[in-house]
Amino acid sequence: MIEHLIPVLAGTLAAATPLIFAGLGELVAERTGVINLGVEGMMLIGAVAGFAAAAHSDGGALAGLPAGAVAGMLAALIFAILSLSMAANQAACGLALTIFGIGLSAFIGQHYVSYSLPGLPPLDIPGLSEIPVIGRILFHQDAVTYLGLVTFVGVWWVLRKTRLGLVLKAVGEAPDAAHAIGYPVIAIRYGATLFGGAMAGIAGAYLSTVYTPLWVQNMVAGRGWIAIALVVFAAWNPTRLLLGAWLFGGVTILQFHAQGLGIALPVQFLAALPYLATVVVLVLISRDKRLLQLNLPASLGKPWMP
Amino acid sequence: MSTPPPPFSGPPDNLPRLELTGITKRYPSVVANDGIHLKVGPGEIHAVLGENGAGKSTLMKIIYGAVQADAGQIQWNGREVVIANPSEARRLGIGMVFQHFSLFETLSVVENIALALDEPFDLKGLAARVKEVSTRYGLPLDPDRLVYSLSVGERQRVEIVRCLLQEPQLLILDEPTSVLTPQAVQKLFETLRRLASEGVSILYISHKLHEIQSLCHSATVMRGGKVTGTATPSRETPASLARMMIGRELPVCEVPAFTGEAAPVLTVRGLSHTPDDPFGTALKDIALEVRRGEILGIAGISGNGQAELLAALSGETTGPANTVVLAGTPVGHLDAGRRRKRGLTFVPEERLGRGAVPPMSLADNATLSAHGHGLVKKGFLRPKAAWEFAKTCIERFDVRCGGPGAAARSLSGGNLQKFIVGREIMQQPIAMVVAQPTWGVDVGAAAFLRQTLIDLSRSGVAILVISEELEELFEICDRIAVLAEGRLSEAVPKQQTNAEKIGMQMSGLFSDTHGTDREPAHAAA
């Protein structure tokens with residue numbers, strides 16, 4: 001039994017990685033009051049940029065991830081200029097960015113369809129990976145999955161323990177008050193939005209160069225939307241976000257195995273299962289309205305000008 | 001409020017701490033500040049007196065660096081300075097306590113304070129200092145409480161302590177007492193006098209004459225963006241200050257006696273409601289009765305259940321049928337429209353957004369609440385009738401605007417309030433609920449609105465007024481009750497109470513329990 005579970009659990013961590021990156025980025029942006037619905041688009045742009053960089057250089061995934069981050073950040077910059085500097089409607093800008101990302105990635109990606117990359121081999125942590133069971137689940141992963149967990153710890157620490165975290169929250173809570181005591185609200189929101197873009201770009205590049213190192217059109221497949229949903233249902237709390245991402249990853253892997261075992265359910269239903277399960281579980285968790293209201297950044301989605 | 005100002009401690013021939021020369025600020029539609037001169041010495045408490053819209057707040061924002069002047073100089077301790085932003089003002093030693101607090105609801109007291117200080121991030125050390133400073137100045141605070149759970153008075157303490165930690169040389173307070181009980185006002189004055197005696201200059205912005213007379217050493221009076229005079233408040237009378245402030249005598253209301261039969265019209269019994277909003281206040285067993293021909297006033301500081309009570313009375317939130325009774329009919333379960341049909345009309349606190357839809361014309365806004373009065377027929381709008389209705393309202397209630405087609409948001413606060421009150425009165429209510437009738441309204445319009453409400457009540461309508469302005473309640477009401485922490489005290493004829501007693505109750509201490517028990521009295525209400 002354990003022997004069957006190990007690959008499931010190990011796969012869960014990898015499957016959760018793109019959601020962790022994209023979710024954390026969106027969480028930071030939303031903490032400052034910016035809701036960027038363009039995550040899906042930024043992930044796709046990051047995915048295609050990462051894939052192209054990996055395909056045309058010797059660096060492979062190591063070249064792909066930075067390229068994805070930069071591309072995601074540039075995409076977020078478009079969003080930031082429209083919605084922050086010009087105070088356009090954030091929801092509309094975000095949706096436009098997603099549609100743009102789908103189109104742009106398909107346009108660039110048409111040259112790479114069915115082209116595959118070497119991917120990234122698992123990286124064993126010396127000593128730890130030899131622990132029975134746990135070692136093969138936790139410490140036999142690709143480097144980016146570790147990086148995702150390190151990013152989680154970093155974001156958690158910054159939000160929880162530092163002045164920067166407090167300022168981010170303050171800006172999302174009451175931009176007028178933050179401005180009144182002298183914080184550059186727009187600049188802080190720019191920073192958070194660009195961070196969100198870079199994280200989404202990394203998430204996309206991870207999908208295209210490491211997770212399934214093969215170009216398929218529209219390969220992000222709605223994970224950007226799941227990341228946005230995770231942020232809200234996690235009540236803007238990074239730890240809950242991490243748990244939500246693992247849940248999604250877990251069900252994704254389980255349904256693969258279920259498909260492999262020939263369980264008599266339609267494949268389409270199985271493929272939809274991770275999305276369904278994540279949404280249902282998170283809605284149940286977040287029925288506590290008080291919790292949501294207390295954590296909801298009060299200025300979320302509202303254009304602000306000094 | 002009759003304490004004379006303490007002797008001015010600083011040497012008067014000293015260099016002024018702050019001197020403004022010819023400060024001018026123009027906005028597209030208005031000159032907010034027109035060549036303002038102002039001088040404040042060390043240890044001086046200086047009042048800036050003026051009505052809403054006189055340009056006081058703009059001037060303070062210029063001093064605090066939140067707004068840049070178009071022309072004029074600022075001299076700080078004898079040196080000309082350009083204050084580009086609030087953090088620069090803070091570096092110079094200028095602190096400001098805002099009228100609408102600049103606090104973050106979901107952060108703790110100490111986090112809020114840390115955000116405003118330019119020093120290394122150490123919450124534990126700061127919490128200790130917050131405690132120390134707040135005790136020293138008689139402003140007790142718990143550094144770890146979340147701000148949303150604080151009362152308005154406590155929030156103001158947070159703002160003041162936040163300024164004090166920066167050891168300011170000049171403290172600006174913008175209408176600081178509008179949210180305080182009379183007792184809390186006295187406490188605040190003690191703190192301010194103590195600061196002044198330590199050499200801190202204070203700019204005190206207010207339109208309350210008696211406060212300025214009891215606290216301030218000197219005053220600059222503003223009207224329409226200009227300085228209309230300077231004065232030593234203790235040598236003036238309220239009437240002479242008022243003349244400088246509004247350019248004429250303070251208007252006074254006439255309150256005739258009601259001669260008809262005083263039967264109860266609007267009765268509330270056992271009304272309890274816990275709002276969904278975690279920042280809201282739960283109503284606890286509210287009981288009240290408003291009779292024909294009277295105005296019942298509900299005093300208390302906003303945030304003590306005022307919004308929730310208004311929602312429960314208007315029908316925005318519904319409950320058991322018997323909790324609200326209108327002329328003998330239980331209406332507690334009915335929504336706002338159905339209550340309106342039975343003769344209960346409302347004037348909410350937020351004029352734009354609740355009382356009126358900002359971009360819509362006055363005629364359309366009339367239709368929204370007065371549709372039952374011939375403005376809609378068989379589901380179809382009757383624009384002509386709405387236009388006539390709005391026109392009548394504008395003429396009858398002296399609303400200055402561009403006519404029934406003017407957008408609601410184009411009206412000044414006072415004129416929009418006159419329109420909304422007029423619209424509700426024209427629906428011939430048997431009972432009317434009005435929240436903050438004169439909030440942000442100039443003196444002339446406020447007097448008109450108060451007289452309108454008095455006249456309406458004397459025609460036999462039962463009126464309930466919820467207001468933060470105690471003086472207003474004493475002027476127009478027949479009986480006054482106090483809403484504190486979601487509980488309502490027994491209504492008392494205004495001749496049998498005074499500002500001090502009401503103030504005690506506003507802090508949640510109801511008088512007939514000798515101030516020890518916090519349970520409200522409502523058995524006989």
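Helices here are DSSP runs of type H or I with at least four residues, numbered from the N terminus. The exercises below concern a predicted model.

**Exercise 1. Determine whether helix α10 of chain A is enclosed or open, and describe what follows this helix.**

Step 1. A residue counts as buried if 20 or more other C-beta atoms lie within 10 Å of its own. By that criterion, A:Arg223, A:Gly224, A:Ile226, A:Ala227, A:Ile228, A:Ala229, A:Leu230, A:Val231 and A:Phe233 in α10(A) are buried.

Step 2. The helix spans residues 223-233, and 9 of its 11 residues are buried, so α10(A) is largely enclosed by the rest of the structure.

Step 3. The cover over these buried residues includes α1 (2-31), α2 (39-55), α9 (185-211), α11 (238-260) and α12 (267-285), which belong to chain A.

Step 4. After α10(A) comes A:Ala235, which has a positive phi, near 50°.

**Exercise 2. Describe the side of chain A that touches chain B, and find how α7(A) is oriented to α3(B).**

Step 1. The contact between the chains involves 16 residues of chain A and 19 residues of chain B. On the chain A side, α7 (163-173), α8 (175-180) and α13 (289-295) each supply at least two residues, and the largest share, 6 residues, comes from α7(A).

Step 2. Sorted by class, this side of chain A has 8 nonpolar, 3 polar and 5 charged residues.

Step 3. The axis of α7(A) comes within 10 Å of that of α3 (residues 109-116) of chain B, and the two cross at roughly 100°. Angles of 65 to 115 degrees count as roughly perpendicular, and α7(A) is therefore roughly perpendicular to α3(B).

Step 4. In this crossing, A:Leu166, A:Val167 and A:Ala170 in α7(A) meet B:Glu111, B:Ala114 and B:Leu115 in α3(B), a set that divides into 5 nonpolar, no polar and 1 charged.

**Exercise 3. Work out how α11(B) and α12(B) are oriented to each other and which residues bring them together.**

Step 1. Helix α11 (residues 362-375) and helix α12 (residues 383-396) of chain B have axes that come within 9 Å and cross at roughly 105°, and the two helices are therefore roughly perpendicular to each other.

Step 2. From α11(B), the residues B:Leu362, B:Ala363, B:Asp364, B:Ala366, B:Thr367, B:Ala370, B:Gly374 and B:Leu375 take part, and they meet B:Ala385, B:Ala386, B:Trp387, B:Phe389, B:Ala390 and B:Cys393 in α12(B).

Step 3. By class, the residues of this contact comprise 11 nonpolar, 2 polar and 1 charged.

**Exercise 4. Reconstruct the strand order of the sheet that contains β11(B), and locate the helix that packs on this sheet.**

Step 1. In chain B, 4 strands form an open sheet with antiparallel pairing, in the order β12-β11-β14-β15. Its edge strands, β12 (283-291) and β15 (329-330), each pair on one side only.

Step 2. Strand β11 (residues 264-273) and β12(B) run antiparallel and are joined by 6 bridges, with B:Val268 standing opposite B:Leu288 in β12(B).

Step 3. Helix α9 (residues 306-314) of chain B packs on the sheet, where this helix touches β11, β12 and β14 (324-326), and its direction makes about 60° with that of β12(B).

**Exercise 5. Assess how compact chain B is for its length.**

Step 1. Chain B has 16 helices and 23 strands. Its radius of gyration is 24 Å, close to the 24 Å given by the globule rule for 525 residues, so chain B is as compact as a globular protein of that length.

Step 2. Along the principal axes, the C-alpha atoms of chain B fill a box of roughly 70 × 55 × 45 Å, and 49% of the 525 residues count as buried.

Step 3. Among contacts in chain B between residues at least 6 apart in sequence, 67% join residues at least 24 apart.

How values were computed. Residues numbered from 1 in each chain as written. Chains lettered and ligands numbered in written order. Predicted model: local features only at pLDDT ≥ 70, side-chain atom pairs only at ≥ 80, totals over all residues. Contact = placed C-beta atoms within 7 Å. Nonpolar A, V, L, I, M, F, W, Y, C, P; charged D, E, K, R; others polar. Axes fitted to C-alpha atoms, helices over the stretch in contact; angles between N-to-C directions. Parallel < 35°, antiparallel > 145°, perpendicular 65-115°, else oblique. Pairing = 2+ DSSP bridges. Rg over C-alpha atoms; globule rule 2.2 N^0.38 Å. Buried ≥ 20, exposed ≤ 12 C-beta atoms within 10 Å, placed from the backbone.
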